[in-house]
Amino acid sequence: MMKHFIIFLIIGLLFSCNTEQKAAEDGIFPYPILQTELDNQLNVVTVPYNSPGIAAFYIVVRVGSRNEIEEGKTGFAHFFEHMMFRGTDKYPKEKYDEVLKSIGAAANANTWFDRTVYHMTGNAEMLDKMFELEADRFMNLKYSEADFKVEAGAVKGEYTKNYASPYMKLYEKTYNTAFKEHTYSHTTIGFWEDVVDMPNQYEYSLEFFDRWYRPEYSTIIVVGDVTQDKVNSLAREYFGEWEPGTYKQEIPVEPEQNETRYAHIQEENFPPVLSLNYKGPAFTVENLDMAALDVIGSLAFSERSDIYKKLVVDERKVRQLNAGGFNTVDPGLWSVDAILVNKEDMTEVKNEIDELIEKLKSEPVDSVELEQTKSHMKYGYAMNIDNPDAIANSLAWQVWLTGNPATVNKTYANYDKVTPEVIMDVANRFLVSSKLTVSTISSDEKFQEAEDLNLDR
Amino acid sequence: MKYLAFIISLFVTSTIFGQEVVELPSASTKVVVKLAFKNGSICDPEGKEGLTNLTASVLAETGSDQYTKSEINDLFYPMAATYSTFTDKEMTTITFQVHIDFLDEFYEIFRGVLLNPTFAQSDFERVKSNMEVYVKEVIKASSDEEFSKKALEEQLFSGTGYEHMKEGTISGLASITREDVINHYKNYFTRNNVVIGIAGKYTSSLLEKIKSDVNKLADIDPAIPTLGEVKMPDGIRVQLIPKPNNLGTAIFTGYPIDINRASADWPAMAVINSYLGEHRKSYSKLYKLIREQRSMNYGDYTYIEWYEAAGSNQLPLTGFPRSQNYFAIWIRPVQTAISLTSQYPELDGIKIGHAHFAIRMALMEVERVKNEGLTQEEFDLTKQFLRSYMNLFVQTPAKQLGFLMDAKFYGLENYIDYMNEAVAQLTLEEVNAAAAKYLQVENMYITMITDQAEAEPLKESLLKNAPSPMTYSNVVKESLGEEIFEVDKKAEVFPMNVKSVEVIPTTDLFDE
């Protein structure tokens, strides 16, 4: 449940570029990943793909709600994403919309904990125009204070539609409970009071643009009916003069969690929810921690798992069961989520999950099931990347997590290295009650069975 | 354009064993197969609303004569192969996706489910329980936007085969037995009402097997009920559904239009619709007026056909062809009075939030387009946009296949190709004539999911056609130009032909 909450010739000659081309590594990704870093540190990634006439143009900016360290500024990265559509001197809002419409592309943007992604998928023959439009706003964004104040209402509208859902309320409360110092304590849309105060933050928005919308924080990914020469040429022409900035930031470190925490949402007439959220690792391809947790999520909790067959299929106490973690730059949460039939079964379901996790810590998993899980993950990925958008999206993940799209191969190679021993080690280090936040939805004002859930084990 | 030629050149259709087959061979290692049955929730017997969708849903969650569902899960797990079903008003599609490395192995197991599903009592009860909790609780609590759409359709299609949502009603689901599901599968998922679609690097022997197996389904001509007449309402009929402490009012409106993808006026209305409210596009008129200029919500769009899961999809899905459509306006949640007064002291005392003003603003624009039409410049730009944009609907083999199969429902070969040509041929006069013919603001249904405290004041305001001045916060008000307020003065008194307003508790929805 939780994991479901979860969207860019001449100058080239004038400004010589670092044309080092990082070769694609061997691995699961079946297409060449052609990278060029311009002199201004802007990384330009091209993946030629057989999608006649269509290209996906992504710009990943490594700024998200994780970077909202200042008091009263939660939700600002997302709000700023909205402002990026408010025009420039060359293309004021009306003109921008007109040109965008003439391109006939699917264009949008989305923000999350660690990044903001701008994407435009459309006619590959219009790539030049796409580059021109994107470079103009990334380098020359200009909006009035009046437009700034007005846009805030749209964010409020987004909050309002999202938070009609009890799942979103639980998601917000869970992260706010699990994190005390780190900025993952607020969700990407921000706290309501900060959203309401956004119209008063015009000056800060100028500062925000100056800090983050810089080539060293950005990567361009183009996938589809294109050549690297064409993409690089356009990147140099339109983004070559984009100047690097100087802003550096320290994100508060989350102190070690030493006790089980609890978050509850009261909701009448709604299926009860039990969500166990453990502090997980930061994403890296340099060790197997996240790979092992991904394997556990699939092997131990998917439709083929014993606990799924017992609780969902045979006993019908649980309507939906799944487990997994968001891949995040800093340590995030790895969750087991169960939507129950009756709230009276919550203790039993919690005990079943606890028992399974204890077993993962003490007994090696079946080697055949482990190999099947690796196969499942590999084929699942291979079947997903069958269009330019999905391919660009897949590489964008790597860009914001590691800075390098080619780590997609290492990410999947790491799954192959996961052994039963690694799983036991990872379960023992991460799936412990002192790192746990239990969150629930039920009709109770306060959940009365807290003690039965062994919260203070 | 060359990519259109690419798509067109690759698909072939044929008729074998009486079943139509859409083939889309490609180098893709993912093979996608769709079996599209012409049935849908219109086939649900009276008193058993939800039967077709439940039958399809249980099929996806049950075993075969050889394997239980759990055993099938075990077998398919290493392949990452999936199969699922999707039901709409007039069609159910079974889709499977598998890598070519496992094609034969997968299909041998899948065919058992297709031909000899067990519909085990426990699988039936499990899936039915999930469907019941969706209809009774989840749809009413998890998204006011989806809730408003399902509730609107229940009003708009009242007394016809489209009335109940595909998931069913509380009493309809309660009365469905396992035997009903078994019989419904036999009678409505037959060799005589199915189109086979296949895409990817499949083998001819696989296709032959699929054809042969589909031919083993029951040799029954399903009795598909007629839809019945979908009547234009007399005046504006409003349904208010209050919920406690709601920050927003979700709004969805509609009135029937007698055109579909095969109609001569469809391409012209597609241009009008795109201009007025293309889904999730910032350059359409309603979005500009309500969201961009006035800061009222997250987005505002119009539709001339159903858009599945619109809240989570930027591009359209497939599998829901309908012979009857309606013109719809989707106004995403606008602020309620409790939300506004809690944020802004200057708005203290207001009883109604932005809903009444928002719907008036939308209707005023629809009426303007009906009367004035598009300018040549607007027409040319929208045409150019649509011809390029619609190609993005078919970026994957699965989407290409889905659009081709939906086209068959309407008697078309390739909808995307057809629209590209048809839109190119349109003249401004044709488009503006279509706007004059199909747009209107006098008669429609409106559903609003709103705040408990706002329902009665809003009802009174709507019934009295009372002025509904926009209540801006000071911070927004000081940022707006005089031209905005000039338009607002007209919008706040825009006459609405409201004939009835009903306040309906959530518990009364989808009960029978």
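**Notebook: chain B and its side towards chain A**

I began with the sheet in this predicted model, and I found an open sheet of six strands in chain B, ordered β9-β10-β8-β11-β7-β12 with mixed pairing, where strands pair if DSSP finds at least two bridges between them. Strands here are DSSP runs of E with at least two residues, and helices are runs of H or I with at least four, each numbered from the N terminus. I noted β9 (300–303) and β12 (498–503) of chain B as the edge strands, since each pairs on one side only.

I then looked up β7 (residues 236–243) of chain B, which pairs with β12(B) in the parallel sense over five bridges, and I saw B:Q239 opposite B:E502 in β12(B).

For the whole chain I counted 20 helices and twelve strands in chain B, and I noted that its C-alpha trace spans about 70 × 50 × 40 Å along its principal axes.

Next I turned to the other chain: 55 residues of chain B are in contact with 53 residues of chain A, contact meaning that C-beta atoms, placed from the backbone, lie within 7 Å. Among the elements giving two or more residues to this side of chain B are α1 (2–10) and β10 (325–335), while α5(B) gives the most, with seven residues.

On conventions, I noted that residues are numbered from 1 along each chain as its sequence is written, and that chains are lettered from A and ligands numbered from 1 in the order in which they are written. Local features need pLDDT of at least 70 and side-chain atom pairs count only at pLDDT 80 or more, whereas totals for chains, interfaces and linings use all residues.

Definitions and conventions. Contact = placed C-beta atoms within 7 Å.
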